Amino acid sequence: MRYPSAVLLLFVLFGTFNVLEAGGGAVSNNESPLKTDKSKIQMLQTYAPAMIRDPDSEERAILINVTADGECSAGELIDDQCKVHPLAVAYMQEDEGGGFDIHAAVSLDEGSSWKRINLSNNAKRTSTYNGRMCFTEDEDHDDDGDGEDCDGGERRRLEGEVTTFTFHGDNFKPTIVAKGNKILVAWTSTNCKGGVPKNQGDGDGPYGGDEDGADDNNKLSSSDRESDRFLVKGRQMCHANIPDKNTPFSCVWAARGMVDAKDGTSVWSKPERLTSGRRDALQLVASAHKEAWALAWQEDPRGLRVGEASGPGDGMSGATVNHKTDIWYSYLSESDFFGWVDDPDSSRMNIRENSTFSEPVRVTDNAACKVEHKTQADETPILDQDGNLMPMVDEHGVYVQKGAPYCQEVCPNVIVDPNPQARYPLSCVTQTGIPLNGDTGASRPNMFLIDDSGIVRVVLAYEESKGLGKGPAESHRRLEDDDADADEREDWGKNIYYHTFPYNVPDKIEHGMMVNLPELTKNNEPAVTVDGTEFLTKNARRVRMIVQPPNNWGVERLAMVLLYREGEEGHGHPAHIIMRRFIGGYMPGNLECTKTRNHPDTKKAVCVEGSKDLNEDNTPQPDSLDDARAHRGFLRGDFLVVGYTYTDNWGRGNPDRHDLFVRRSFDGGKKWTNANGVKEGPVNLSNVKAEREGPSWSVMEPRLFATPGTIGSPKPKHFSDVQNSAVYYVAYSTTHKPDEYGGKANEKDEPMDLVWTMTDNYGESYKEVWNDVAEKWQYPWFAKVKGANDDAGFAGAQIQTNPAGTKVFASFQANVNNVAEQNFLSGGSPCRGNGVGSDVCSNSTLIGDTLLLKYDLNDDKKVDSKDEKCLQIRAGGVTGLNCDPDLENYDLNGDGIANGQDLKLFRRAVGEYLKRTVLDGRRTYLRHRE
């Protein structure tokens, strides 16, 4: 809805879009020319006293008192005190030694000041690697005990080959989740010494553990090896895949924190190390539930591969993986979260040995389980009467394994490995018929914990390479395999797989359910490989999960949506966003299928329809090179919103832009409509400027954030703690695509402005503000460069709001080479750099309580049936009942007129305000505090 500046007073009075206050500051407080990156923000669900940090010492906090007129400069007035929902941010910050540490910061004044802590604190420390030489593309190591390198060939590494080098600790990409007053931060690190809770009080390191000696996990007794079913423990390895330096593998770390609701004190544990660095860990995801905390990640036995950067990333995202890369999982029971004790020599808590995360397990089945075969004295194979290799068995009739201890449990049968290079040609076959020959790799997991009828359930999805041969052309080899001399593969690319299990009974060495559908032959049968064992599919990757618990399901009983990119074969090629729905539950059988066909060989029914292409309405013509990416979404009952960036003219060297589009469904994804049920195509929210010649403007790193659930149900402490499902927020960075990148993926371009908007009517309209200088309506911004020659840039927005949607909090990355403006309504500056380096910044914006009175059409400070009557009368062209005479305030969907469509929207949205009667018990839709 748009209003000229002459009616700005009506903004304030009726709350159409009233930014009452905008502020923020530097989360990282980086005064050096060093870098920051990868911030994540959480709003805690508990209340704590509102306090501001002393600018001379952040260790000292000053209580924010109620003003004489009964107001709070931060937070809400509760029980005659100013109280806030604490904010917590985790981020990377560079150290002078060259590596990054993981930091956390807590704010008790809604982002104006922060209490910071270095959680990892090892980037300054120099460690020594003393072990096997870092392997290259031609040299490998035997990670899984199967006697082969990661490509299935004979192991070339001699046990005596060692190398020694020094390195600084380096920590990567934190993830943060919060629940109640608790916080969990997890990350990966090249520092894989110490951090074992039983040793946390020992050693010379500042946070305990065997920091300066040999790693405790490197000293394995024979009993340790027998009990380490999944080969979690072992000596840290390294690789040379990253150019110009030896790089140790990374391991998984986690730290726990809490904010005391009584005095606002924050307490942190020492970090706990979950893995050993035997394989390279990355792409951590975390989730929290009232009964548990969970982590999932990928581990690559050959180390992070530097991709070709043909897709949207920089080639270091972990999407390009080696064979045998598995998805791993670990959990922490809620009862063990505070399983810590004071350390007299540290301000941080020691984790008890019996309160650690569970032993990590391999969820997926990509590592190899090999079986030895019988040979003559000269190692010539002994064949049976049919000419087949004869597997070796022990005195108990069990196959003699070459692999991790778990292989004994999952090997009822064997097959001959199709890879002719295999030193051990016999591979295990699981009970479900899956060969464990190590020719696939999984990456980029997504995971959530969800309450499912009393069971805390894990839902987990990821992408996995197909393992169907080696690849037809040099330009395609690196998508899945690297052997230039190998046979051509029948199909290549990736598939999407899904698992679900109780949080404390995880899948172990399971294949999962394939989510993307098979391609069809001319006879509309599922296309399969020559041997009929695998489906031929398109290239599916980058899965995202949108999930809601059963008590939030709507009429359609939509439990979960999976979104992923899918396109033709090709590394980094264009793709569309595909959606699949889970109806009535989270089990594989709940995945919607609208048509089946019989498998051409087995004759079993196979799902061939059940997905939706969200870009069908975007595509200008069937053979166009259009591309969609950066998909996001949320679910609120039957209300589903999906956002993504899209271009209708994709191609390297092409200057065309990616815009941000949003799609809405009010029936759980069955139809795409507006709030009144009228069919609606994708809505372009950004409409960035297109240049006729040269580089074009574009959108990067979009965000879509819906208001969280009600806090303190059934009796919230404040009306702003009651969820307003009609509100959601959108943010994105703009970029001017430079010529030197040739129009390749957006993320390679430098970010500029960080734009945001919001809707309070289910997306019928999005809020804009009037720019007096430019004399135009535009979205507000969290941060903006000052001019065309300013080389500052802002990106990576992470958003949190209160349940009512009246306050929005954001953290973001600022490359501040010149002082840049924050939201122009406040004129503040998010971070003031010293000419170089970067900061993690915050923005806190108060939309105003008046947002809740959008539907108070007779100005009696409540929303009730009289307001609905006003709308009915006004839509008919008459006035009465002391109703607001201004026609614009009845235009609830922003289409310029007041009619029956606005009446329908009123009736849909008024349900959001019925929730707030729990605060006063009255039979009104909403009563605003006086």
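Two strands are said to pair if DSSP finds at least two bridges between them. This definition underlies the hairpin shown in the opening view of this predicted model.

**Figure 1. Hairpin of strands 50 and 51.** Strand 50 covers residues 793-801, and strand 51 covers residues 807-815. The two strands run antiparallel and are joined by seven bridges. Within this pairing, Gln800 lies opposite Phe809 of strand 51. Five residues separate the two strands of the hairpin. The turn contains Gly805, whose phi is positive, at about 80°. Strand 50 is mostly covered, since nine of its nine residues are buried, which means that each has under 20% relative accessible area.

**Figure 2. Overview of the chain.** The chain of 930 residues contains four helices and 55 strands. Buried residues account for 60% of the chain. Of the contacts between residues at least 6 apart in sequence, 66% link residues at least 24 apart. The accessible surface amounts to about 37,100 Å², and carbon and sulfur atoms contribute 47% of this surface. Across the whole structure, 26 aromatic pairs are found.

**Figure 3. Two separate nonpolar cores.** In soluble globular proteins, nonpolar side chains tend to be buried together. The largest nonpolar core of this model comprises 51 residues. Leu295, Tyr329 and Tyr406 have the most contacts inside this core. Strand 21, spanning residues 292-300, is the greatest contributor to the core, with six residues. A second core, separate from the largest one, has 34 residues; among them are Val662, Val688, Ala726 and Tyr762.

**Figure 4. Open sheet of strands 40 to 43.** Four strands form this open sheet in the order 40-41-42-43, and their pairing is antiparallel. The edges are occupied by strand 40 (627-636) and strand 43 (683-684), each of which pairs on one side only. Strand 40 is connected by eight bridges to strand 41, which holds residues 639-647. One residue pair in view is Leu635 with its bridge partner Leu640 in strand 41.

**Figure 5. Aromatic cluster.** Six aromatic residues, Phe634, Phe639, Phe666, Tyr728, Tyr762 and Tyr766, form one cluster. Phe634 lies within the range of strand 40 (627-636), and Phe639 lies within the range of strand 41 (residues 639-647). Tyr762 also belongs to the second nonpolar core. Two members of the cluster, Tyr728 and Tyr766, are in contact with Thr759, the subject of the next view.

**Figure 6. Surroundings of Thr759.** Thr759 is located in strand 46, which spans residues 751-759. Thr759 is classed as buried because its relative accessibility is 0%, below the 20% limit used for buried residues. The side chain of Thr759 comes to 2.8 Å from the backbone oxygen of Ser765. When residues up to four places away in sequence are not counted, Thr759 touches Ala726, Val727, Tyr728, Glu764, Ser765 and Tyr766. Ala726 is also one of the residues in the second nonpolar core.

**Figure 7. Two residues with positive phi, Asp79 and Ile509.** Most residues other than glycine have a negative phi. Asp79 nevertheless has a positive phi, near 55°. Asp79 sits in the loop between strand 6 (76-78) and strand 7 (81-84). Because its relative accessibility is 60%, Asp79 counts as exposed; the limit for that class is over 50%. Ile509 is likewise not a glycine, and its phi is positive at about 55°. Ile509 belongs to the loop between strand 32 (494-502) and strand 33 (513-514). Ile509 is buried, having a relative accessible area of 7%.

**Figure 8. Loop residue Asn388.** The loop that holds Asn388 runs between strand 26 (370-371) and strand 27 (401-402). With a relative accessible area of 39%, Asn388 is partly exposed. Asn388 is in contact with Ile382 and Leu383, leaving aside its neighbours within four places in sequence. Asn388 and Val416 are 28 residues apart in sequence, and their C-alpha atoms are 8.7 Å apart in space.

**Figure 9. Asp891 between two helices.** Asp891 is placed in the loop between helix 3 (865-875) and helix 4 (900-914). Asp891 counts as buried because its relative accessibility is 7%. From C-alpha to C-alpha, Asp891 and Gln901 are 9.1 Å apart, with a separation of ten residues in sequence.

Definitions and conventions. Residues are numbered from 1 along each chain as its sequence is written. This is a predicted model: local features need pLDDT of at least 70, side-chain atom pairs count only at pLDDT 80 or more; totals for chains, interfaces and linings use all residues. Side-chain values use heavy atoms; hydrogens and water are left out. Buried means under 20% relative accessible area, exposed over 50%, partly exposed in between (1.4 Å probe, protein chains only). A polar contact is a pair of N or O atoms within 3.5 Å; within protein, one must be able to donate a hydrogen and the other to accept it, and residues adjacent in sequence count only if both atoms are side-chain atoms. Contact means heavy atoms within 4.5 Å. Accessible areas come from the Shrake-Rupley method with a 1.4 Å probe; for residues, only the protein chains shown count as cover. Rings of Phe, Tyr and Trp (its six-membered ring) pair if their centres lie within 6.5 Å; planes under 30 degrees apart count as stacked, over 60 as edge-to-face and the rest as tilted. A nonpolar core is a set of buried Ala, Val, Leu, Ile, Met, Phe, Trp, Tyr and Cys residues joined through side-chain atoms within 4.5 Å.
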